[in-house]
Amino acid sequence: MEGELAHIGAGLAAIGSGAAAIGVGNVAGNFLSGALRNPSAAAGQTATLFIGIAFAEALGIFSFLVALLLMFAV
Amino acid sequence: MATEAHGGEEGGLVFHPMDQFIVQPLFGDGAINMFTVTNATLWLALTVLAVIALMVLGTGKRAIVPSRTQSIGELAYGFVYKMVEDVTGKDGVKYFPYIMTLFMFIVFANFLALIPMSFSTTSHFAVTVVLALAVFLTVTVLGFIKNGASFLGLFWVSSAPLALRPVLAIIEIISYFVRPVSHSIRLAGNIMAGHAVIKVFAGFAAIAVISPVSILAITAMYGLEVLVAFIQAYVFTILTCVYLKDALHPHH
């Protein structure tokens with residue numbers, strides 16, 4: 001029974017991946033809309049873009065990690 | 001072997017998607033001790049050798065008209081140098097060798113892990129936590145050496161209203177100490193997730209009806225992983241630069 005609950009928990013943790021996807025999409029979309037308004041300033045901000053994406057994605061990876069722990073460690 | 005252990009499960013994969021990350025002794029089947037040569041040892045050594053081959057042997061001749069290998073080496077050098085200079089400013093360039101080493105090691109470890117049947121070293125927290133902790137300790141010690149006690153000004157947001165500053169200080173301190181955690185988990189998690197997904201799709205290839213879809217999916221995921229391998233090395237390096245900038249110029 002406990003193992004089955006862990007599987008349900010792992011599935012619930014996978015929702016976090018979707019949330020991270022929304023976050024990354026937000027960052028990239030806003031970057032693009034800004035970049036299209038002022039293309040000359042866009043090239044200097046790609047580093048900021050990647051930092052933003054990395055921060056948003058890290059939280060999704062955390063939820064993936066929780067899912068992995070539930071699947072294999074609990 | 002773990003393959004047999006998981007193979008008997010009902011309706012599941014023939015092999016387990018996480019089996020590729022098992023650290024095994026390279027010779028024989030003995031227990032793993034401190035100095036056992038494992039597949040992780042082999043691929044870490046290959047990573048270092050590949051970096052040496054590119055950066056020392058490839059660019060050693062210092063030709064005016066560069067060969068292809070030397071061009072790649074110069075491209076990598078210029079890429080990282082520009083990144084360090086852009087993010088940390090002129091006084092951060094002194095620490096360029098460390099950041100270049102980090103970038104080359106991670107990018108080569110990530111790309112070597114993409115060779116079929118290889119072992120992905122950067123998917124192990126043991127590897128990435130050491131890298132991230134080294135960055136964290138370096139940056140913290142450097143911050144105190146360079147700025148003395150005023151390094152603590154990093155946590156005291158002087159642009160915020162006075163009443164908010166203690167609250168912000170607590171948040172800043174927590175976020176400062178979470179840095180090595182997220183720094184290492186981001187790299188290991190991304191690489192592990194990508195490789196596990198490829199293996200999951202590979203497991204579906206055994207079912208005849210969906211095997212073409214599965215092979216297409218593996219190809220697409222592999223393409224994405226090539227991108228991720230580079231981007232994660234880039235992100236790890238640029239975050240190191242950002243942390244270094246915080247240590248050199250702690251005031252907001």
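The following paragraphs describe the two chains of a predicted model, the contact between them and the nonpolar core to which both contribute.

Chain A is built from helices alone, with four helices and zero strands, and its elements run α-α-α-α from the N terminus on. The radius of gyration of chain A is 17 Å, well over the 11 Å that the globule rule gives for 74 residues, so the chain is more spread out than a compact globule. Along the principal axes, the C-alpha trace of chain A spans about 60 × 15 × 10 Å. Buried residues account for 15% of the 74 residues in this chain. Of the contacts in chain A with a separation of 6 or more, 91% are made by residues 24 or more positions apart. The mean pLDDT of chain A is 87, and 97% of its residues reach 70 or more. Within the chain, confidence is highest in helix H2 (residues 15–37), at a mean of 93, and lowest in H4(A), at 84.

Annotations for chain A come from an unreviewed UniProt entry, in which the domain "V-ATPase proteolipid subunit C-like" covers residues 8–70. In the model this span is 92% helix and 0% strand, and its end C-alpha atoms lie 9 Å apart. The same chain carries the UniProt feature "transmembrane region", also from an unreviewed entry, at residues 6–28 and 49–73. Residues 6–28 of chain A are 96% helix and 0% strand, with 34 Å between the end C-alpha atoms, while residues 49–73 of chain A are 100% helix and 0% strand, with end C-alpha atoms 35 Å apart.

Chain B likewise lacks strands, having seven helices and zero strands, and read along the sequence it follows the pattern α-α-α-α-α-α-α. The C-alpha trace of chain B spans about 65 × 55 × 40 Å along its principal axes, and 26% of its 252 residues count as buried. Among contacts in chain B between residues at least 6 apart in sequence, 63% join residues at least 24 apart. For this chain, an unreviewed UniProt entry places the feature "transmembrane region" at residues 40–58, 95–113, 125–145, 151–178, 198–220 and 226–244. Two of these spans were examined in the model: residues 125–145 of chain B are 100% helix and 0% strand, with end C-alpha atoms 29 Å apart, and residues 226–244 of chain B are 100% helix and 0% strand, with end C-alpha atoms 28 Å apart.

The contact between the chains takes 10 residues from chain A and 15 residues from chain B. On the side of chain A that touches chain B, the residues divide into 10 nonpolar, no polar and no charged. One residue of chain B that takes part in contacts across the two chains is Ile185(B), which lies in helix H6 of chain B and touches Ala58(A), Ile61(A), Phe62(A) and Leu65(A), residues up to four places away in sequence being left out. Ile185(B) counts as buried because it has 21 C-beta neighbours inside 10 Å, where 20 or more are required. The C-alpha atom of Ile185(B) is separated by 9.2 Å from that of Ala132(B), although the two residues are 53 residues apart along the chain.

The largest nonpolar core holds 48 residues, of which Phe103(B), Ile106(B), Ala233(B), Ile238(B) and Cys241(B) touch the most other members. Two or more residues are given to this core by helix H4 (46–73) of chain A and, in chain B, by helices H2 (39–57), H3 (68–88), H4 (96–112), H5 (125–147), H6 (165–204) and H7 (211–248). The greatest contribution is that of H7(B), with 11 residues. Cys241(B), one of the core residues named above, touches Met83(B), Val84(B), Val87(B), Thr88(B) and Ile99(B), when residues up to four places away in sequence are not counted.

Leu244(B) is also found in helix H7 of chain B and, with 25 C-beta neighbours inside 10 Å, counts as buried. Leaving aside neighbours within four places in sequence, Leu244(B) is in contact with Thr88(B), Gly92(B), Tyr95(B) and Val139(B). Thr88(B) is thus listed among the contacts of Leu244(B) and among those of Cys241(B). By contrast, the C-alpha atoms of Leu244(B) and Pro25(B), 219 residues apart along the chain, are separated by 38 Å.

How values were computed:
Residues are numbered from 1 along each chain as its sequence is written. Chains are lettered from A and ligands numbered from 1 in the order in which they are written. This is a predicted model: local features need pLDDT of at least 70, side-chain atom pairs count only at pLDDT 80 or more; totals for chains, interfaces and linings use all residues. A nonpolar core is a set of buried Ala, Val, Leu, Ile, Met, Phe, Trp, Tyr and Cys residues joined through C-beta atoms within 7 Å. A residue is buried if 20 or more other C-beta atoms lie within 10 Å of its own, exposed if 12 or fewer, and partly exposed in between; C-beta atoms are placed from the backbone. Two residues are in contact if their C-beta atoms, placed from the backbone, lie within 7 Å. The radius of gyration is taken over C-alpha atoms; the globule rule is 2.2 Å times the number of residues to the power 0.38. Ala, Val, Leu, Ile, Met, Phe, Trp, Tyr, Cys and Pro count as nonpolar, Asp, Glu, Lys and Arg as charged, and the others, Gly among them, as polar. UniProt positions are given in the numbering used here, feature names are shortened, and annotations may be inferred rather than shown by experiment. pLDDT is the predictor's confidence in each residue, from 0 to 100.
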